[in-house]
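Here are some notes for a colleague going through this entry, set out as numbered points. They deal with enclosed spaces and then with charged pairs.

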Amino acid sequence: MIVRKAPFYESRFLRANAAGSRRALWLRETLLLPTVGESCADVWVMVFDPSGHRAIRQSYPIEAADFADEPWTARLAGTELDDSHAHGVLPDGTRWDLSITPGGQPGVRVLPERSYRARFPTAKTQVRHPLARFDGRLQSPDLDIDLDGWIGSVNHNWGSRHTPAYAYGQVCGFDEAPESTLEIVTARPGVGPVLLPGVTLFVFRHAGLEFAVRSVVGSMQTHGRYRPFSWTFGARVGERMIEGEISTVAGDVIGLTYPDTHGGVKYCYNSALASCRVQLAGKAFQRAELSSDRAMFEILTDDTVAGVPLLG
């Protein structure tokens, strides 16, 4: 059971992409219990659409939220998210009703198990369903979207403070390997105001195997370097090797402002329409190149990025 007392934040969200279309959806339910200022709860709706990307943030008092761990459920005002459904209505008329069909794969934790019980790192993340199917409908005053077999994930983040700076990527199925998935992060933890060197961790599942580096010690065999909006990464561990890149263009990025638990704000830049290319080699994997144009690529930073408006 997670103890929710300041400083604390929590985010429960889904993301989904349409097959054969440049459309994607990102829905979040969040809690913020800061050490400075009022606690609050937010519903976020982000839509990536050829007609123009959109972001809605609706804030509520913390008393309007009911986040449970067993069963895993987030209720916030007129919205709800659990492992099988997501539905909601916002004051501007935006509404959604989605069914979620988990793909049957085990959840993904990018950190070692002991890290989820420890105070450090301050931010935890897990993917409850890394390859889920979404069906249903989302309507807003200027948009009507039918989700028919969209593929994505159900996710859960929490902690006492956001990681000071990171790039996070997720692929829910590659074109050449629809059942393969990737979770990867290059993060720069902080000690007070000082940023530590970047650490790259990942979990890659392919051809019935899992190739993962979850620890700081293991990250000595990985590398990752990113900027807006390009990221190269790789690892060589034993007989397994992966090299890859994730990239997108500013026009496919939504910028958001994240309040932090100790005051101040972070800036999140997210694209659900990024491209990912990876190369595999070594005795453990048959040599292969995999690609996807439905990757998620997110950067968290203290600085705004020129050319990307903050929509929420």
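1. The lining of the largest cavity draws at least two residues from each of β1 (8–17), β2 (24–33), β3 (40–48) and β22 (254–259), and among these contributors β2 gives the most, with four residues. Please keep in mind throughout that this is a predicted model.

2. The search of the whole structure finds three cavities of 30 Å³ or more, and the largest has a volume of about 140 Å³. Its lining comprises 14 residues, of which Arg 28, Thr 30, Leu 31, His 162 and Pro 259 lie nearest the centre. In terms of class, this lining is made up of seven nonpolar, three polar and four charged residues.

3. The second largest cavity holds about 40 Å³ of space, and β2 again gives the most to the lining, here with three residues, while β2, β3 and β7 (79–82) each supply at least two. Arg 28, listed above for the largest cavity, is also one of the residues lining the second largest, where Leu 14, Trp 44, Glu 80 and Trp 96 are included as well. Seven nonpolar and three charged residues form this second lining, with no polar residue among them.

4. Turning to charged pairs, the search of the whole structure finds 22 salt bridges. One of them joins Asp 69 to Arg 4, with the closest N and O atoms 3.4 Å apart; because Asp 69 lies in strand β5 (residues 65–69) and Arg 4 in the segment before β1, this pair ties together parts that are 65 residues apart in sequence. Asp 69 counts as buried at 18% relative accessibility, whereas Arg 4, at 23%, counts as partly exposed. The pair also belongs to a network of salt bridges that links Arg 4, Glu 10, Arg 12 and Asp 69.

5. A second bridge worth inspecting is that between the side chains of Asp 293 and Arg 277, at 3.3 Å from N to O. This pair links distant parts of the chain, with Asp 293 in strand β24 (residues 288–301) and Arg 277 in strand β23 (residues 265–281), 16 residues apart. Asp 293 counts as partly exposed at 32% relative accessibility, and Arg 277 likewise counts as partly exposed, at 36%.

6. How far apart are the closest N and O atoms in the salt bridge of Arg 137 with Asp 146? The separation is 3.6 Å. Here Asp 146 counts as exposed, with a relative accessibility of 52%, while Arg 137 counts as partly exposed at 39%.

How values were computed:
Residues numbered from 1 in each chain as written. Predicted model: local features only at pLDDT ≥ 70, side-chain atom pairs only at ≥ 80, totals over all residues. Heavy atoms only, no water. 1 Å grid on protein atoms, 1.4 Å probe; cavity = no way out; pocket = protein on both sides within 12 Å on 5 of 7 lines; lining within 4 Å. Points joined across faces, edges and corners; volume = space filled by probe spheres on them. Nonpolar A, V, L, I, M, F, W, Y, C, P; charged D, E, K, R; others polar. Salt bridge = Lys/Arg side-chain N within 4 Å of Asp/Glu carboxyl O. Buried < 20%, exposed > 50% of the residue type's maximum accessible area, 1.4 Å probe, protein only.
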